[in-house]
Amino acid sequence: MSFPRPDINRRSSGSGHGRGAALMLALIAIIMLASACLPADLAAKLVTPSTSGRVQGEGPLTSIWNASKEKAACGLTATQLSAMLIVPTSFESGTKSPSPMTLSRWDNVNVWSLNKNLFPFAATDGPYTGAFYSPGIGLWQFDSAGGWNLTAASAIDTDTSAMQAATTIAYRWCNAPADRLADPVRRRAYAWAAWYYCNTDSRCEDAYDSLLTDDKLDIGIDSSIDHLGGMEKRVCNVLGLGEGLTCYYIDPARAQGSRSWTFGTYDPARPDYLTPLPKPFYDIESGGNEYRIWVRDDTGFDIGITAVKPVTSNARTSVVWSRASNLCDITVQRGDCAKARVADTPWGPRTVDPFGSFDSSEVSVLNRVTLTGWTIDPDTNDPTPVDISVDGTTVKRVTANKVRTDVSAVVSGYGDEHGFETTVDLTGGEHSVCATAVNIGEFGTGDKSMGCRSVMIEGEPIGALQSVVAAVGGVNLRGYAFDADTDDPLQVQVYADDKYINSITADVARSDLAKDHPTFGPNHGFSKFVRLRAGARRVCAVAVNAAPSGSSNTTLGCTTVTVDGQPFGSFDSVSTAPGGFRVWGWAFDPETADAKVRVTVDGVLVKTALTGVERPDVAGVYPNLGVRHGFNAVIPSSPGTHSVCVTAVNEGAGGADQPLGCRSVTVVAASPIGNLEFANRGFGGVILGGWAIDPDTVAPINLRVTVTGEPAKTFRAADSRPDVGVAYPGYGENHGFLVYVAIPAAPTTVCVQLINVGAPMPNSTLSCRVY
Ligand SMILES: [Ca+2]
Ligand SMILES: [Ca+2]
Ligand SMILES: [Ca+2]
Ligand SMILES: [Ca+2]
């Protein structure tokens, strides 16, 4: 047992004194009139007129007297036990005319957090707080936390509550500890221990003294209070509970006696303030449970509300709330008196609640689970909502509107459209997936679970190696990988002949896969080139498991492909160059992405060239292997027609040297060319300026000046002449000259000759002139 909560005492103490003689006289008048209706043996035990200032309702006092006569023991007289019973009521429910209907008001959440559950659906504010589940009730404020076998109605009815109080107090009087037996004051304090203030000071003992004079009760009588205290006994039909049930209508506005406990309003902004005075409610005891039912006619709410708990359990931990009342007060025809449909379930019981079946749960792709079942609410032929929860959290609400003729064949009269099929996407590991039929319509006690299913989502990655295609220098891999544990791209390891080669990230967008894996985003494909040695290679892709679930990596597939090791390339061109010719092209061995080329001229190896020239055009066709594949070499050569052949040299494990073809080139010997741009006499000589080139060499060439047929000067035309370099690409710019040659007085003949280089050719005369 725990202590009833001392609710009303705190509010009423300090008031009630000095109400004045007029009130007292009025009460005496009531007493004089009322006592005539009391049991004769009780009337004989009253001090008349009363002088104690205490007043008790006629009904409650009669209940107290009858209970005391039955329970007085261990030396107590019925009068003494009556006084002991009266004492707590005056502190709990008012010194004068305590109210049998007293409903506790101090069960605030800041006093005890569990008090939250006394509010409808555990919501301490919102529209329904007026359906408050008062835990302490009646003259003695028996609180449900004490485990009392009392409902609200039997705690209000003083015939039953006085019997409980008499039983408790008499038992404790009889079973007081030995050291208290000799002292009636301490023994009474022990008997009252359930009302804690009787143990803390002398107020209960003082009240007891004032109530007893020579084994007579000194108490006034209020004939306006009967044993039900304003509660009304009626007859109710409640769907699901039965018809013709005894029910009690408890309306605080109809409470008899002291009304102090009805004052004050509930204010959620002040958690120390009074909890709500309940809206009128019906109280029914059935099957060991207490039902408190609020009908819309009384509350004005949009829903009926029912609270149920086992009679002897603590309301704070055991009340179950539902959004329906289902009660018709047939005494006065109020409440939910329209008749609900009651359905026969396939498995036997008849019900006003929604019912159905959670038929199956099946893992489809990776983490997607398909759920099927059906539901019916007897209120309607319409499809009903179904709530799906995963591991206790509701994740979606679906409408069961699919045709299920197998259901309508068994449960007829509700139409065909009651099936549901939906999917949920889960993470790796084991999950509990539950389906709940949601109550709709006017009747039914609430939503009904259709059960749960355990669903195991494999934690290992899934995916596929969709293709392995040999490419130059390796293979192109394509596929995808998912892991139920993550939306992030997975790592995929590539093996060739069981040897680890490389790791790639499966982060390529694949919208074709996203539609089957909608929770993972699109980026789970891979499409990647991997370099491999030449030859037949068994290529495998392995997706790396993501934490936390899954214990191993997943092999996505293996394919054997042959990787070619043959070098190849192109001998693009041969062209004449000063003193020879230029060969130009590209080549590489796919195994090394590198190459050498051999150049033969008329069958003789003349050069082995490296491919060090950048060829973006080649890299554009053969990506993944770098860009330096070009060769560009000048081969010195004698004049004449030559056959030039180029061969790419094999590297690595596979392949052979690859001829790239032969081309013919004709090297033509040429005489030097030039131009005398400036020739003026002066300073006792002539100044000559111009440029000269021999097509057979890029080097500067020599010029010879003769004066009157005699050699006068030989010089090298090596001055910078950018304009000449532009005009003759490949020959450089150092081909200019500006020289002074002393000559005799005019007339003098001066000739300038270009001296041939390379294959024998006549020298060219640039100029002969008389100065
Ligand atoms: Ca319903
Ligand atoms: Ca995993
Ligand atoms: Ca090779
Ligand atoms: Ca020449």
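1. By class, the residues that line the largest cavity of this predicted model divide into nine nonpolar, two polar and four charged ones. The lining comprises 15 residues, and those lying nearest the centre of the cavity are Pro135, Phe142, Ser144, Leu150 and Arg292. Three elements, namely strand E3 (142-143), helix H6 (152-156) and strand E10 (289-294), each contribute at least two residues to this lining. The space in the largest cavity amounts to about 90 Å³, and the count of cavities of 30 Å³ or more comes to two.

2. The calcium ion (ligand 3) has protein donors that lie 2.1 to 2.8 Å from it: Gly565 (O), Asp589 (OD), Asp589 (OD), Glu591 (OE), Asn650 (OD1), Glu651 (O) and Gly654 (O). Along the chain, these donors of the calcium ion (ligand 3) follow the spacing G-x23-D-x1-E-x58-N-E-x2-G. The pair Asp589 and Asn650 links distant parts of the chain, 61 residues apart, with Asp589 in the loop between strand E34 (580-588) and strand E35 (596-601) and Asn650 in the loop between strand E39 (640-648) and strand E40 (658-667). Asp589 counts as buried, because its relative accessibility is 0%, where the cut-off for that class is under 20%.

3. The domain assignment divides the protein into domain 1 (7-101 + 139-222), domain 2 (343-457), domain 3 (462-559), domain 4 (568-667) and domain 5 (673-770), with domain 1 given as two segments. Taken over C-alpha atoms, the centres of domain 2 and domain 4 are separated by 75 Å.

4. Thr79 belongs to helix H5 (residues 78-92), and the residue is buried, with a relative accessible area of 1%. When residues up to four places away in sequence are not counted, Thr79 touches Lys45, Trp65, Leu212, Asp215, Lys216 and Leu217.

5. One of the residues in contact with Thr79 is Asp215, which merits a check of its own backbone. Asp215 is not a glycine, although its phi is positive at about 55 degrees. The residue sits in the loop between strand E4 (212-213) and strand E5 (216-217), and Asp215 counts as partly exposed because its relative accessibility is 26%.

6. A second residue to inspect is Asn326, which is other than glycine and has a positive phi near 55 degrees. Asn326 is placed in the loop between strand E12 (320-322) and strand E13 (327-329). Is this residue buried or partly exposed? With a relative accessibility of 3%, Asn326 counts as buried. As background for such backbone values, most residues other than glycine have a negative phi, and most peptide bonds are trans.

7. The peptide bonds preceding two prolines should also be looked at. The bond from Thr48 to Pro49 is cis, with omega near -10 degrees, and Pro49 is found in the loop between helix H3 (40-43) and strand E1 (55-57). The bond from Ala746 to Pro747 is likewise cis, with omega near -5 degrees, while Pro747 is found in the loop between strand E46 (734-742) and strand E47 (749-754).

Note on methods: Residues are numbered from 1 along each chain as its sequence is written. Chains are lettered from A and ligands numbered from 1 in the order in which they are written. This is a predicted model: local features need pLDDT of at least 70, side-chain atom pairs count only at pLDDT 80 or more; totals for chains, interfaces and linings use all residues. Side-chain values use heavy atoms; hydrogens and water are left out. Helices (H or I, at least four residues) and strands (E, at least two) are DSSP runs, numbered from the N terminus. Buried means under 20% relative accessible area, exposed over 50%, partly exposed in between (1.4 Å probe, protein chains only). Contact means heavy atoms within 4.5 Å. On a 1 Å grid over the protein atoms alone, a cavity is a set of points where a 1.4 Å probe fits but cannot get out, and a pocket is an open set with protein on both sides within 12 Å along at least five of seven lines; lining residues have an atom within 4 Å of a point. Grid points are joined across faces, edges and corners, and a volume is the space filled by probe spheres set on the points. Ala, Val, Leu, Ile, Met, Phe, Trp, Tyr, Cys and Pro count as nonpolar, Asp, Glu, Lys and Arg as charged, and the others, Gly among them, as polar. Donors are N, O and S atoms within 2.8 Å of the metal (3.2 Å for Na, K and Ca); water is not among the atoms, so sites may look incomplete. Domain bounds come from an automatic or database domain assignment.
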